[in-house]
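Here's a quick look at the aromatic side chains and who they keep company with. Have the sequence and the 3D view open as you read.

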Amino acid sequence: MSQDSAAVPDAARKLAARRRREIVAVLLFSGGPIFESSIPLSVFGIDRQDAGVPRYRLLVCAGEDAPLRTTGGLELSAPYGLEAIARAGTVVVPAWRSITQAPPPAALDALRRAHEEGARIVGLCTGAFVLAAAGLLDGRPATTHWMYAPTLAKRYPSVHVDPRELFVDDGDVLTSAGTAAGIDLCLHIVRTDHGADAANALARRLVVPPRRTASDMGHQRYLDRSLPEEIGADPLAEVVAWALEHLHEQFDVETLAARAYMSRRTFDRRFRSLTGSAPLQWLITQRVLQAQRLLETSDYSVDEVAGRCGFRSPVALRGHFRRQLGASPAAYRAAYRARRPQGGAPEPALRPERSERPERPGPVAGGPERFAAMAGHGAPAALAAAAEAGDAGKPTSDAFAARLPEAPVPRGAGRPVLPSQREPPARAC
């Protein structure tokens with residue numbers, strides 16, 4: 001679903017008489033990151049009527065027994081408890097302390113009751129895990145911080161996780177990606193309630209862009225290499241490590257299944273259950289990632305890059321690269337190099353520069369400017385890998401890639417453990 005869609009589902013419930021949409025309840029928990037928690041407090045809790053921003057009434061609610069301690073050891077005292085949610089027409093969960101912990105049952109019950117009575121439920125960043133635990137995201141599109149999207153998709157398979165979006169508006173349930181995207185979603189709510197002028201006035205006061213999109217920030221043009229940590233203890237970890245070491249060779253999923261001593265069907269099912277990604281999609285993504293890195297750090301021609309990444313032809317590389325990153329390999333390299341002098345000295349080439357055969361020109365959404373912005377973007381986001389033609393309509397939560405190992409895994413050294421498989425704490429947003 002489009003991040004800026006305001007279409008309300010047919011199943012949206014009528015707001016209960018005692019609830020008012022302009023009353024916003026913010027649900028805080030102990031251990032939550034203070035920055036994310038402060039976003040809805042700043043947007044909905046400060047009177048800016050002098051700037052043309054309609055006023056909301058803010059209810060800060062404790063989602064569990066006090067005291068509430070934030071990151072940094074600060075202690076908060078919320079003026080309201082869960083009972084105050086009964087008056088709110090908008091309920092915001094700005095963050096959750098740990099994606100490995102279950103939220104308090106009482107808070108989940110309060111969220112379900114609010115939703116049943118027509119309240120708009122909002123989850124910022126890891127707050128999406130609380131909404132998912134309450135069952136409010138079942139069968140819906142949603143997003144969260146790119147680092148936690150694979151875990152959300154795996155833990156709640158009925159949720160259609162789309163890590164490419166800054167936020168997702170599904171009518172009465174809304175979710176956002178990481179920290180700054182929470183501001184984007186809150187501005188979107190103001191825009192939905194009171195129009196563009198009010199949202200633009202608020203954006204000026206906050207000194208932020210009034211309306212960002214994922215492509216503006218290069219958000220959806222990054223591929224994430226992370227995998228859930230569970231795979232590190234699974235026999236498939238050895239197969240994954242082998243595949244990453246041999247991307248320059250031409251092999252297919254049948255080869256991987258044979259190395260795992262499984263049938264293709266069993267391997268597909270096992271791989272998807274562990275990673276949330278079909279093995280073919282994962283393999284294509286890894287080859288594109290390798291090509292992306294070579295285009296950034298070497299002077300190999302596009303044809304040579306294709307061969308060094310295991311693509312059967314340069315045409316295959318160009319098709320998958322454009323599908324996943326929105327531009328041809330040559331356009332990506334040109335935009336990346338145009339950006340490098342601003343961000344520091346260019347990385348040394350792997351060999352003397354040589355001319356590259358130009359590619360046939362084609363339309364590129366956003367043009368090189370998008371990729372110039374992408375090269376300087378500080379927080380990469382997960383991008384669902386492009387499937388083959390028959391898989392093009394699958395949910396985007398199916399594609400999360402594994403991190404490239406820094407050194408080959410020695411034979412006979414036991415089961416390899418892939419790097420960066422440990423889930424970072426939720427405060428890392």
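## Rings and their neighbours

Let's start in helix H13, which spans residues 329–343: Tyr332 and Tyr336 both sit there, four residues apart, or about one turn of the helix. Keep in mind that this is a predicted model. Both tyrosines, Tyr332 and Tyr336, are buried.

Helix H9 (residues 264–275) has a similar story to tell. Phe267 and Phe271 both belong to this helix, again four residues apart, about one turn. Phe267 has 0% relative accessibility, so it counts as buried. Phe271 comes in at 2% relative accessible area, so it is buried too, given that the cut-off is under 20%.

How many aromatic pairs does the structure hold? The count is seven, and two of them are set out here:

| Pair | Centre to centre | Angle between planes | Class |
|---|---|---|---|
| Phe267 and Phe271 | 5.8 Å | 40 degrees | tilted |
| Tyr332 and Tyr336 | 6.3 Å | 15 degrees | stacked |

Why is the Tyr332 and Tyr336 pair stacked? Its planes are at 15 degrees, and stacked pairs are those with planes under 30 degrees apart, so the label follows. The Phe267 and Phe271 planes, at 40 degrees, make a tilted pair.

The H9 phenylalanines also have company: Phe267, Phe271 and Trp282 form one aromatic cluster.

Finally, a couple of arginines sit over rings. Arg308 has its charged end over the ring of Tyr300, 4.0 Å from the ring's centre. Arg287 lies over the face of Phe251, and here the distance to the ring centre is 4.7 Å.

Notes. Residues are numbered from 1 along each chain as its sequence is written. This is a predicted model: local features need pLDDT of at least 70, side-chain atom pairs count only at pLDDT 80 or more; totals for chains, interfaces and linings use all residues. Side-chain values use heavy atoms; hydrogens and water are left out. Rings of Phe, Tyr and Trp (its six-membered ring) pair if their centres lie within 6.5 Å; planes under 30 degrees apart count as stacked, over 60 as edge-to-face and the rest as tilted. Helices (H or I, at least four residues) and strands (E, at least two) are DSSP runs, numbered from the N terminus. Buried means under 20% relative accessible area, exposed over 50%, partly exposed in between (1.4 Å probe, protein chains only). A charge sits over a ring if NZ of Lys or CZ of Arg is within 6 Å of the ring centre and within 35 degrees of the ring normal.
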